[in-house]
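Dear colleague,

Please find the structure below, followed by a summary of what was found in it.

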Amino acid sequence: MRTEQPQMIYLKDYQAPDYLIDETHLTFELFEDHTLVHAQLLMRRNPARGAGLPALALDGQQLELLSVSLDDIELTAEDYQLSDSHLILHPTSEQFVVDTSVRIHPESNTALEGLYKSGGMFCTQCEAEGFRKITYYLDRPDVMSKFTTTVVAEQHSYPILLSNGNPIASGPDEDGRHWATWEDPFMKPAYLFALVAGDLWCVEDTFTTMSERSVALRIYVEPENIDKCQHAMTSLKKSMRWDEETYGREYDLDIFMIVAVNDFNMGAMENKGLNIFNSSAVLARAETATDAAHQRVEAIVAHEYFHNWSGNRVTCRDWFQLSLKEGFTVFRDSEFSADMNSRTVKRIQDVAYLRTHQFAEDAGPMAHAVRPESFIEISNFYTLTVYEKGSEVVRMIHTLLGAEGFRKGSDLYFERHDGQAVTCDDFIKAMEDANGADLSQFKRWYSQAGTPRLAVSEHYDAQQHTYSLTFAQSCPATPDKIEKLPFVIPVELGLLDAGGSEIALQLAGEAAASGTSRVLSVTEAEQTFTFVGINEKPLPSLLRGFSAPVKLSFDYSRDQLMFLMQHDSDGFNRWDAGQQLAVQVLQELIAQHQRGEALVMDQRLVEALRTVLGNEQLDQAMVAEMLSLPGEAYLTEISDVADVEAIHVAREFARKQLADSLFDALWTRYQANREVSKATPYVAEAEHFARRALQNIALSYLMLSGKPQVLAAALEQFEHSDNMTERLTALAVLVNSPYEAEKAAALASFAEQFKDNPLVMDQWFSVQAGSTLPGGLQRVRELMQHPAFTIKNPNKVRALVGAFAGQNLINFHAADGSGYRFLADLVIELNGFNPQIASRQLAPLTRWRKYDAARQALMKAELERIRSSGELSSDVFEVVSKSLA
Ligand code: TRP
Ligand code: ZN
């Protein structure tokens with residue numbers, strides 16, 4: 001907690017550091033009731049900053065200073081200034097050594113930032129500004145140093161002592177203690193520092209790099225989890241090979257380690273050579289983790305591994321450049337997942353997530369550019385915009401330059417900036433220089449917030465045989481800027497003839513047609529492209545593969561959307577046509593409900609999905625995606641004023657209609673797939689994910705029919721599945737059903753079976769927190785009293801509170817404001833011990849603009865109440881004050 005009002009920090013104020021730290025030598029003495037940290041910093045004046053020796057302000061928070069010396073001379077209180085954020089020294093030479101000793105308290109660190117304890121082990125989380133809670137330092141990413149770290153701890157409780165780089169020495173110490181020294185040969189900023197000490201077991205493997213070097217791979221976990229590491233290890237080896245093949249990037253140390261910890265604020269952290277993971281992002285085996293969890297582990301292992309180049313070897317100059325490493329690395333991991341599994345399905349899932357969550361962020365009070373220009377608390381900027389939209393921006397560069405051009409650009413970027421701390425401009429410059437391209441207008445994607453709208457209209461000239469598409473782009477005002485300049489929007493498109501075949505594309509002025517799917521660059525506020533040689537009015541397939549993160553509108557009829565669903569050569573657009581059709585149908589139902597009319601659903605949606613369901617040629621995962629109606633959160637996002645009840649009623653009505661009308665087809669495919677599942681041991685691969693995905697969505701529809709054979713099937717699947725994917729869906733459909741006795745029995749037997757596995761209990765909490773049956777808040781309150789729940793563990797908070805406020809919209813947005821009150825109380829409590837989690841859980845309340853006046857007033861009142869609840873962390877302060885501004 002701080003005492004002064006938190007300050008805004010601006011990108012325009014960036015200055016290079018006055019001093020550099022060539023070497024950092026750390027010694028940690030770990031004890032049960034405190035830790036001593038000795039730091040020796042070999043420092044010098046930054047030659048780039050000119051003459052003179054300004055004061056040296058080292059960052060430090062919550063440190064008890066025991067001693068400080070400059071060039072071996074111990075300083076006294078007159079020699080330095082100490083505040084709750086800095087230690088200020090006065091160097092007298094260009095080159096000098098600073099020694100400090102501090103006492104810290106990892107054993108009572110509940111914020112999970114800096115050095116803390118999770119279960120019985122010590123671990124660190126330094127990104128973004130956690131290192132200053134470990135020792136006095138220049139805690140900024142453009143200060144890079146060579147680290148040597150010695151850890152001393154009691155041998156019996158902490159047999160494993162780890163830090164970055166290579167182990168160089170170890171030995172016993174007095175009083176049953178021991179020590180180990182690690183040396184990291186690569187210069188790195190402090191945010192990549194890591195330390196782990198604990199009683200851990202490890203799974204080992206080796207990887208031979210493309211230049212035939214052997215790398216030891218180790219995944220460290222608590223002993224009871226040693227049987228859940230294989231999937232992460234396999235994923236790691238695939239990632240290492242993929243980065244060699246796709247980007248020419250080889251691993252650079254002799255050892256690569258992953259450690260799983262239970263208490264972690266985010267998914268995982270890319271510390272050099274020593275990645276630290278939330279256990280939910282490492283542990284996976286069939287019996288305890290779903291297919292989605294397996295895919296998440298694969299993606300996060302890859303993401304953190306890829307950071308070794310995009311983030312570590314080339315790092316960020318300052319935190320405004322966060323998307324330099326995060327947007328690029330998300331792009332890299334999503335392409336990896338696409339290559340390992342189904343490319344189209346991965347794209348569909350990413351786009352659905354972006355449209356639902358990032359678009360909502362971009363339309364709310366915390367909207368910011370991919371490269372923000374100011375912030376109060378950097379922890380608040382690990383956002384969907386920096387990560388997911390940042391990845392879309394890199395994807396557009398890839399689309400505009402082509403795969404080969406992009407690779408030339410990334411090669412140049414890594415070669416030119418290896419060992420440096422750079423900016424998004426440097427990334428763009430490398431892409432430009434390697435390709436002779438001009439991306440100056442494109443760079444507006446980094447500086448302008450908000451989701452652009454792209455309205456498309458058509459004109460067919462039967463005499464001239466020309467077909468014109470006019471694109472009109474605009475971007476809504478966001479808190480940072482009112483007026484926006486036009487973006488460069490790559491629009492991949494094709495034209496379909498009446499038979500559904502693709503037409504060869506020739507733009508006016510071109511000598512000949514080339515290709516049937518092309519990328520047009522829309523660069524002006526309004527721009528028309530004319531295709532020639534078009535002998536009949538075509539149907540356009542626009543924004544294929546979601547080639548830009550925009551809201552595209554084109555006035556399709558429902559029949560045209562059904563046509564695209566069947567004939568578009570682009571799989572993503574086939575799915576998207578189905579989504580647009582479903583949105584139209586659902587919006588009509590919403591309007592009927594609002595007018596108090598009986599709901600009547602357009603049967604074309606039923607018939608379109610019947611066709612999909614009957615198509616045995618189609619990838620089953622695609623069938624499952626196409627059967628999934630747009631979620632309530634997405635329907636909220638695309639509404640001007642979201643009607644919570646109408647959205648819920650309409651969507652549930654549509655689900656029931658589909659379940660009844662398609663019962664036989666769903667039942668046939670369910671049974672067929674369940675039979676295969678019964679006869680097949682669990683395999684974590686695309687084809688098996690696909691079979692289970694269709695089986696499970698079919699079951700969730702079938703359950704709405706209320707037929708006894710479906711209840712029997714759900715119970716059979718719950719009791720006899722050998723994997724969590726099938727078991728958890730069976731549990732979820734029971735939890736959402738009216739069969740009270742069966743539901744209670746299933747919940748009880750599940751909890752009994754998995755009570756000792758916290759990650760499985762998280763799923764048990766989530767399934768219940770997500771149930772949209774009445775009484776949701778009361779259920780969540782009761783579950784918070786369950787012995788397996790603790791508010792101190794972020795995964796538990798996310799599983800219960802996050803799932804309730806983020807996914808159970810009908811209950812969270814109860815008209816009496818009880819959901820809002822509950823969330824505000826929780827945020828106030830979390831603010832007192834874990835500000836990062838408090839701030840993240842607050843997000844649903846910041847979306848108040850989307851709701852009716854009564855709900856807006858209730859939500860704002862809760863934000864006000866948080867604001868005046870006492871001393872706020874900078875994290876919560878920033879979100880609350882911006883939301884109320
Ligand atoms: N760099 C991490 C990632 O994206 C993000 C991260 C992990 C993080 N833990 C954090 C960010 C804690 C802020 C605070 O892979
Ligand atoms: Zn990352």
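A nitrogen atom of ligand 1 lies 3.3 Å from an N or O atom in the side chain of Gln-125, and another listed polar contact (a pair of N or O atoms within 3.5 Å) joins an oxygen atom of the ligand to a polar backbone atom of Ala-268 at 3.4 Å. The protein buries 97% of the 370 Å² that ligand 1 exposes when taken alone (Shrake-Rupley method, 1.4 Å probe).

This is a predicted model, in which local features need pLDDT of at least 70 and side-chain atom pairs pLDDT 80 or more, while totals for chains, interfaces and linings use all residues. Residues are numbered from 1 along each chain as written, chains are lettered from A and ligands numbered from 1 in the order written, and side-chain values use heavy atoms, without hydrogens and water.

The whole structure holds 66 salt bridges (a side-chain nitrogen of Lys or Arg within 4 Å of a carboxyl oxygen of Asp or Glu). In one of them, Arg-332 meets Asp-243 at 2.8 Å, N to O. Arg-332 is in helix α3 and Asp-243 in helix α1, 89 residues apart (helices are DSSP runs of H or I, at least four residues, numbered from the N terminus). Both residues of this pair, Arg-332 and Asp-243, are buried (under 20% relative accessible area, 1.4 Å probe, protein chains only).

Arg-692 forms a salt bridge with Asp-291, also with closest N and O atoms 2.8 Å apart. Here the partners, in helices α15 and α2, are 401 residues apart. Arg-692 and Asp-291 are buried.

Yours sincerely

Note on methods:
A polar contact is a pair of N or O atoms within 3.5 Å; within protein, one must be able to donate a hydrogen and the other to accept it, and residues adjacent in sequence count only if both atoms are side-chain atoms. Helices (H or I, at least four residues) and strands (E, at least two) are DSSP runs, numbered from the N terminus. Buried means under 20% relative accessible area, exposed over 50%, partly exposed in between (1.4 Å probe, protein chains only).
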